[in-house]
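Grab a coffee and work through these exercises with the model open beside you. Try each task before reading its solution.

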Amino acid sequence: MSHEPPADVTRRITLPEIAATVQRGGRLVVVTAYDAPSARIADQAGVDMILVGDSAGTTVLGLDATVPVTMEEMIVLTRAASRGARRALVVADMPFGSYQISETDAVANAVRFLKDAGADAVKLEGAGRTLTRIGAIHDAGIPVMGHIGLTPQSATLLGGYKAQGRTAAAARRLVDEAVALERAGCFSIVLEAMPAPVAARVTEAVSIPTIGIGAGASCSGQVLVWHDLVGLTPDPARFVKTYADLAGVLRGALTAYVRDVRDGTFPDASHTYGMPDAERLRFEDQLTSRRTTRSRS
Ligand code: KIV
C-alpha cells in the first residue's frame, strides 16, 4: 500500500477518508508540528494528520509543562502549521483553560481554531467533565479528537507523567472513557502512555480510530512529537523512536558557520553582490570629490 499522497491532491483529507483508511486495515500516521516548514515536510512525507499539540509549550516555547500555554500562542502556531499543510488534516490542541470554564467558552475557542487559524478539528484532553464540552463543540459542527490515558494538562492530578491504566480497575475506566468519548461525538481518540493490552481492548471497544503514543501497536494509528522523532529532544520517553539526529546535524552546521565567519571564509565572492565596474568607478569618484569639497570648506 502506497503512503504517498497522489501528486494532484490539493485538498485536505476528510473524516470519512480517515475512517475508511482504518476500515481497509490501514494505519493512520499522525505527527505534531508547530510551524509551516515542518508541517510542509510532514505533509510531503504522507502523514494523515498534523497535530498542533500544546506540547509546543515544552518543545518550542521553553516551558516545562503544557498548562501555561495560551490560546494566543496556540492560534499563532496553528495558523503557521496550517499554512504548511496541503493534504494532512490539521488538529489544534485546545490549551488548558480554553475549555474548562464554560461550554460557551469552549465552543468560542474551538471556533477560533477553525476560523482564525485554519485548523480542521480540535483536540481536548480527558473524559468525565470534558464530555459536555466535547458534545457542545461537536454540536457546533466542529470535529473533535479525544485524548485519554496520560493527559499532561492534568499531570498533577494523575500523580505525574506516568503510564495510566496499569490496574484492572484503571484499565476498565479507560475503556469506559473511550466509549463515552465516542458517544459524545469524537471522531478519534489519542491513547497516551498505557499498557499495550489495555490500548488493544480500548481500540476494540470503539468504532472510531485510536491514535497511540506509548500505547503499543494495536491502535488504529500512531502519533509522535516532532522534536522526539527528529532527535531534538535530549532525553525522550521510552516509547519514542528517534528517526534522525537533527540536533547533531544542526550543531554541525552552526559550528561550521561560527568557524567560517571567524576565519573570514564566509562570505566569499559566491555569496556577495557585485556592481558594474563603470558604476563602481563613478561611485568612488563621487566619494573622492565629496571629500575634496569638504576639506576645502
Ligand atoms: O500535545 C501533544 O503533542 C499531544 C500528543 C502527545 C498527543 O497531545
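**Exercise 1.** How are helix 4 and helix 5 oriented to each other: roughly parallel or roughly antiparallel?

*Solution.* A bit of housekeeping comes before the steps. This is a predicted model, where local features need pLDDT of at least 70, side-chain atom pairs count only at pLDDT 80 or more, and totals for chains, interfaces and linings use all residues. Residues are numbered from 1 along each chain as its sequence is written, and side-chain values use heavy atoms, with hydrogens and water left out.

Step 1: find the helices, residues 71-84 and 103-115. Helices (H or I, at least four residues) and strands (E, at least two) are DSSP runs numbered from the N terminus.

Step 2: take the angle, about 25°, with the axes 10 Å apart. Axes are lines fitted to C-alpha atoms, for helices over the stretch in contact, and angles run from 0 to 180 degrees between N-to-C directions.

Step 3: apply the cut-offs. Under 35 degrees is roughly parallel, over 145 roughly antiparallel, 65 to 115 roughly perpendicular, and the rest oblique. Helix 4 and helix 5 are therefore roughly parallel.

Step 4: list who touches whom. Helix 4 brings M71, E72, M74, I75 and T78, while helix 5 brings N109, R112 and F113; contact means heavy atoms within 4.5 Å.

**Exercise 2.** Work out how many disulfides there are by the distance rule.

*Solution.* Step 1: the rule asks for a pair of cysteine sulfur atoms within 2.5 Å.

Step 2: start from C186, whose sulfur is 15 Å from the closest cysteine sulfur, in C219, so that is too far for a bond.

Step 3: the count comes to 0. As for surroundings, C186 is buried, with a relative accessible area of 4%, and C219 is buried too, at 3%. Buried means under 20% relative accessible area, exposed over 50%, partly exposed in between (1.4 Å probe, protein chains only).

**Exercise 3.** Track down some unusual backbone spots.

*Solution.* Step 1: recall the usual picture. Most residues other than glycine have a negative phi, and most peptide bonds are trans.

Step 2: look at A193, which has a positive phi of about 50° without being a glycine. A193 sits in the loop between strand 6 (188-192) and helix 9 (196-205), and is buried at 7%.

Step 3: go to F266 and P267, joined by a cis peptide bond with omega about 0°. P267 lies in the loop between helix 11 (246-263) and helix 12 (277-296).
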